Each structure stands twice: as structure tokens, then as C-alpha cells.
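Please open the model in a viewer and keep the selection tool at hand. The tour proceeds from aromatic rings to a nonpolar core and then to a pair of helices.

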Amino acid sequence: MTIFMLFGTFFLFTALTVPIGIALGMAGLITAIYSPNISITFLSQGLVTSTDSFPLMAIPFFILAGEIMGKGGISTRLFDLANVFVGRFTGGFAMAAVITSMFFAAISGSGPATVAAVGGIMIPAMVAEGYDKKFSTALIAAAGSLGIILPPSIPMVLYGISSNESIGDLFIGGILPGVLIGLFLIVWAYFYSKKMGYKGTNEKFTFKKLFQAINKSKWSLLVPIIILGGIYGGIFTPTEAAVVAVVYALFVSVFLHKEIKLNDLHDILKNSALSSVAIMIIIGTANAFGNILSMERIPQAFADLFLSISQNNFIILLLIIVMLLIIGLFIDTSAAVIIFTPILFPVAMEIGMDPIHFGIVMITTLAIGFITPPLGVNLFVGSGISGLSIPVLARASIPFFFVLLVGLIVIAAIPKITLLFL
């Protein structure tokens with residue numbers, strides 16, 4: 001009855017469109033009042049201790065770094081570089097949009113931030129070049145999911161804390177899966193563009209243009225190198241890397257690109273603070289929610305249930321993926337990682353999965369939820385940019401759902417893609 005009360009109240013509040021953090025907190029509170037075995041004091045202590053964590057400090061700093069870079073003219077420079085490579089081909093603008101999203105994903109750590117930064121530039125540009133607005137918006141929304149697959153990634157930080165795995169290893173493990181899914185999106189964009197007759201710029205590739213584009217975007221391209229190189233070089237931790245990213249982004253955007261003025265910092269800091277607070281509320285309440293699950297031994301019960309269904313490891317993994325796809329329809333990625341990592345992690349270990357591989361599979365699966373309603377955060381961001389309704393955009397995103405799904409299956413079936421550099 002305790003678990004029925006916990007999940008029942010949570011899904012009720014979610015159905016009533018209560019914000020996810022509040023829904024989690026209210027579900028935990030009502031369950032604590034109902035159950036004699038759970039203390040409200042225990043829940044309140046969990047809210048504080050779960051957010052009092054040095055690794056978690058990486059999240060607000062990565063959000064701030066992404067906000068600064070999004071306003072600092074970095075997206076335009078990255079697109080110019082991508083366009084030099086692929087702009088002349090059929091569907092060149094579409095392919096350049098995906099590559100730009102991959103570049104920005106390796107900076108921001110957030111799916112919606114990637115859509116907002118890249119889509120604000122690319123959707124109007126693609127429409128002006130003759131691309132269908134529905135295709136253009138759906139493409140950017142799907143490519144925005146790479147924001148949490150390519151490092152640095154906020155959900156990877158949360159998974160690392162929840163599972164006691166190395167955040168640095170997760171960052172490295174996400175590189176090839178993110179690139180692979182990006183390539184799948186590029187291939188689909190090419191064939192769709194060929195079918196629809198979307199031509200390229202017909203401009204010849206020259207090394208002069210390439211060097212000019214690299215020179216313009218060189219400061220942006222250094223960000224992932226500094227972050228990952230610093231972590232794996234033992235120079236700083238992932239949290240310290242996030243702080244370095246903020247300082248670097250601020251220096252580049254204010255003094256080198258000169259796209260941000262000092263009076264712009266107020267809005268940047270405000271937006272970053274609002275995003276950070278929302279995520280930290282989710283982290284605190286989701287942790288309290290997870291503590292109740294642990295007290296009721298739900299992780300072990302789930303492990304026993306999955307293992308009783310089949311002895312085939314791939315079938316069990318497939319069941320986990322299906323479960324996470326359903327979860328992604330309704331629950332925010334950050335909350336899903338915190339709640340379901342303790343539940344599903346023991347199952348993954350029972351079937352012999354590498355913990356880093358499982359983390360990447362889990363995050364990639366939940367990333368698909370960015371383009372699946374009713375939650376579909378990237379769809380809402382894309383809708384705000386393009387003016388298209390959510391139902392129209394959701395239908396346009398169906399092909400991209402299957403492209404991302406194919407990429408997920410390949411990543412899940414071939415662990416070496418994740419573990420090659422580890």
C-alpha cells in the first residue's frame with residue numbers, strides 16, 4: 001500500500017500538470033503521513049543532505065556556462081564551421097544544423113539549451129533556404145537530445161552520484177554514442193533532403209574558407225577539450241571543470257567575441273539561477289522519493305521481477321529500455337535518473353552490464369523523451385521558436401524518434417562503442 005500511495009499520488013499530481021519537483025515532494029510527504037514506518041523528519045533531512053554535495057555543484061555551473069555561450073555568439077560561429085564542411089552537399093543546411101547541435105551539446109550539457117541556442121539561428125535560416133518548417137524544427141529538436149548524451153552532461157553527473165560511478169568515465173563513455181547518433185541524424189537528413197529536393201549551397205570547398213571558419217570558432221572548439229582534457233589530465237574534477245568552463249565562456253564572450261555586454265549578465269545569471277533551482281528542487285524531492293523506495297526494498301523487488309521474466313540478458317535489457325522509454329514520456333530526465341538508477345542499477349549488474357555502459361544506455365533512452373509528448377521538452381522549445389503547435393511538431397518528429405531508437409539499439413547491443421576509450 002505504501003508504494004501504491006507513493007506512485008499513485010505522484011502520477012495524479014503529474015496528470016494535473018503539477019511541476020515535477022513539487023509532484024515528487026507532495027507524493028513523498030503524503031506517503032510519509034500515511035505510512036507509520038516513514039518519518040517526515042527523515043524526508044526533510046534527505047532533501048537537505050541530497051543537495052549538499054560537491055559533485056552536484058557542477059550542475060549550476062554547467063548551466064551558467066551554457067547560458068553564457070548561448071548568448072555569446074558561439075552558435076553562429078559553430079554553424080559557419082559546420083557549413084564549410086557539408087553546406088555544398090544535398091541537404092547541407094540540415095546536416096550543418098545537426099553538426100552545430102553536436103558542437104553546442106559538447107558545451108552546454110543540456111538538451112533544451114541546445115535547441116534554444118541552435119534553433120533560434122538555424123530554424124529561420126533553414127526556412128529561408130526553402131526547407132519545410134516542420135522538418136527543420138523537428139530536426140533541431142531531435143539533435144538537441146545530444147545535449148545530454150555528449151559530454152558534459154547534467155544527467156551523467158546525476159547518474160554518477162546515484163550509482164557511485166566516475167563522472168569522468170561517463171563523460172568519456174558518451175563521446176562515441178553521441179557522435180554515432182549524430183551521424184544517424186545526418187544520414188537521415190541527407191536522404192530526406194534528397195527526396196524533397198533540398199539542394200546545397202554549391203560553394204566549392206577551399207582551405208581558405210576552412211581556416212577562416214576555424215579561426216572564428218577556435219575559442220568555442222576549445223571548451224570540450226579543456227573540460228575533458230582537464231578532467232582526464234588530473235588537473236581538476238568535473239565540478240572544478242564546470243567552474244573553469246564558466247570563467248572561460250565569460251572571458252571569450254565578453255572580451256574576445258564581444259557579444260555580451262556587462263549589463264547582459266543580469267539576465268544570464270537570472271535565467272541560470274531559475275534553471276538551477278528547478279533542477280535542484282527535483283534532485284532533492286526525487287532523492288526523498290528514492291529513499292522511500294529503498295526503505296520498501298523496491299530495487300530488489302524489481303531485480304527479482306526482471307530476472308524472473310527471462311534468463312536472457314538481452315531480453316532483460318530490452319525490457320529495461322522499454323520501461324525507460326515509457327518513463328521518458330512523463331517524467332523529467334533528471335528526476336528519472338535519480339529515481340530509477342537505484343531501482344534498475346542492481347538489475348543491470350545482475351545481467352553483467354558494465355555500469356558505465358548501462359549509464360549511457362539509460363541516459364540515451366531518456367534523451368528520446370525530449371521529443372515524445374506529453375513531456376517532450378525539446379518540442380516545447382522548438383514550438384516556441386517556430387510557432388508550430390505541439391501536435392504538428394510531434395507528428396513531424398516521428399521519423400526522428402525511430403532514428404534515435406535505432407541508434408539506441410546499436411549502442412545497447414555493442415558495449416564497445418561506449419567503452420572503447422575507457
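A residue is buried under 20% relative accessible area, exposed over 50% and partly exposed in between (1.4 Å probe, protein chains only). This is a predicted model, in which local features need pLDDT of at least 70, side-chain atom pairs count only at pLDDT 80 or more, and totals for chains, interfaces and linings use all residues. Residues are numbered from 1 along each chain as its sequence is written, and side-chain values use heavy atoms, with hydrogens and water left out.

**Aromatic rings.** Select Phe135 first; it counts as buried because its relative accessibility is 4%. Rings of Phe, Tyr and Trp (its six-membered ring) pair if their centres lie within 6.5 Å, and planes under 30 degrees apart count as stacked, over 60 as edge-to-face and the rest as tilted. The count by this rule is 19 aromatic pairs. Add Tyr192: with Phe135 this residue forms a stacked pair, at 4.4 Å centre to centre and 15 degrees between the planes. Extend the selection to Tyr131, Trp188, Tyr198 and Phe400, which ring pairs link with Phe135 and Tyr192 into a cluster.

**Nonpolar core.** Such a core is a set of buried Ala, Val, Leu, Ile, Met, Phe, Trp, Tyr and Cys residues joined through side-chain atoms within 4.5 Å. In the largest one, of 142 residues, select Phe135, Leu185 and Phe340, which touch the most other members.

**Helix pair.** Finally, select H1 (residues 2-15) and H14 (residues 265-295). The contact (heavy atoms within 4.5 Å) involves Thr2, Ile3, Leu6, Phe7 and Phe10 of H1 and Phe289, Ile292 and Leu293 of H14.

Key
Axes are lines fitted to C-alpha atoms, for helices over the stretch in contact, and angles run from 0 to 180 degrees between N-to-C directions. Helices (H or I, at least four residues) and strands (E, at least two) are DSSP runs, numbered from the N terminus.
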